[in-house]
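Q: Could you walk me through how to read a model like this one, feature by feature?

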Amino acid sequence: MSESSNNNLEQAKQEGKYIRTIRSFVKREGRLTKGQAAAIEKCWPTMGLEHKNGLLDLSEVFGNDNDVVLEIGFGMGKSLVEMAKNAPHLNFIGIEVHRPGVGACLMDADEAGVTNLRVFEHDAVEVLADCISDESLSTLQLFFPDPWHKKRHHKRRIVQTEFAEKLRSKLKIGGVFHMATDWENYAEHMLEVMQAAPGYKNQSETNDYVPRPDLRPLTKFEQRGQRLGHGVWDLMFERTK
């Protein structure tokens with residue numbers, strides 16, 4: 001987007017005009033279970049983060065200066081809660097737009113006694129822009145995003161050149177952007193975008209994909225896929241400058 005176009009967009013937003021932007025997700029409002037609703041009511045005051053509150057002071061949010069891992073689109077949150085439970089020396093932030101997923105995540109975190117996890121119920125692009133300071137994250141995670149497999153929908157895929165550049169500014173030098181997908185075409189797309197993105201280095205020894213690291217839990221969905229012979233591709237790119 002040109003500077004003039006960007007200025008026009010910002011001016012229109014300030015004037016309250018409706019701007020239609022391409023979303024990488026479809027907002028599906030599923031029904032909350034009683035347990036999910038109760039978990040949101042109980043845990044949101046201590047674990048919930050609000051986009052409207054603006055830039056976060058991460059040391060204040062967590063009460064320490066531990067490295068912060070941020071996951072975009074955590075789904076129902078099971079793997080995120082497991083990661084937080086297994087790594088109490090790290091802080092975790094999860095972003096998800098679907099309220100039942102937020103409720104399920106908070107319910108599991110509460111049952112597991114996890115205290116090093118905070119969550120947003122908001123659009124990740126806006127959270128990154130408005131709430132996350134530059135060079136503040138040690139890891140950014142994007143696991144199994146919507147592949148938008150039809151060619152005409154590829155523009156909706158969240159991993160694009162502009163997105164990679166915005167993410168890089170949020171990572172510390174040496175921080176890692178970790179992606180995983182079970183769609184080979186999307187894996188190829190991710191690899192192509194990231195290989196061309198400035199300021200990143202592929203951590204793969206073969207300059208393509210990495211074996212699934214132990215820190216990323218194997219999901220039931222992934223286990224089922226493995227039994228059926230489906231592939232999963234992990235990509236890890238390190239910020240170098």
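The dialogue below takes up confidence, the sheet, one of its strands and the cysteines.

Q: What is the average pLDDT of the chain, and where does pLDDT stay under 50?

A: This is a predicted model, in which local features need pLDDT of at least 70 and side-chain atom pairs count only at pLDDT 80 or more, while totals for chains, interfaces and linings use all residues. Residues are numbered from 1 along each chain as its sequence is written, and side-chain values use heavy atoms, with hydrogens and water left out. pLDDT is the predictor's confidence in each residue, from 0 to 100; here the chain averages 89, and 87% of the residues score at least 70. The value stays under 50 over residues 1-6, which have two contacts (heavy atoms within 4.5 Å) beyond four places in sequence, and also over residues 16-21, which have five such contacts.

Q: In what order do the strands of the sheet lie, and which are the edge strands?

A: Strands of a sheet pair through backbone hydrogen bonds, either parallel or antiparallel. Strands (E, at least two residues) and helices (H or I, at least four) are DSSP runs numbered from the N terminus, and two strands pair if DSSP finds at least two bridges between them. In this model eight strands form an open sheet of mixed pairing, in the order 1-4-3-2-5-6-8-7. The edge strands, each pairing on one side only, are strand 1 (48-49) and strand 7 (200-202).

Q: Which strands pair with strand 2, and is strand 2 buried or exposed?

A: Strand 2 runs parallel to strand 3 (residues 91-95), joined to it by five bridges, and Leu70 has Ile93 as its bridge partner there. The chain passes from strand 2 through helix 4 (residues 78-86) to strand 3 in a right-handed β-α-β crossover (clockwise from the first strand over the helix to the second, with the strands pointing away from the viewer). Strand 2 also pairs in the parallel sense with strand 5 (residues 137-143), over three bridges, where Leu140 is the bridge partner of Leu70. Because five of the five residues of strand 2 (residues 68-72) are buried, the strand is largely enclosed by the rest of the structure; buried means under 20% relative accessible area, exposed over 50%, and partly exposed in between (1.4 Å probe, protein chains only). Val68, Leu70 and Ile72 cover one side, and Val69 and Glu71 the other.

Q: How many disulfides does the structure hold, and why is Cys43 not bonded to Cys105?

A: A disulfide is a covalent bond between the sulfur atoms of two cysteines, taken here as a pair of sulfur atoms within 2.5 Å. The structure holds zero disulfides, and the sulfur of Cys43 is 9.6 Å from the closest cysteine sulfur, in Cys105, which is too far for a bond. Cys43 is buried, with a relative accessible area of 4%, and Cys105 is buried, at 0%.
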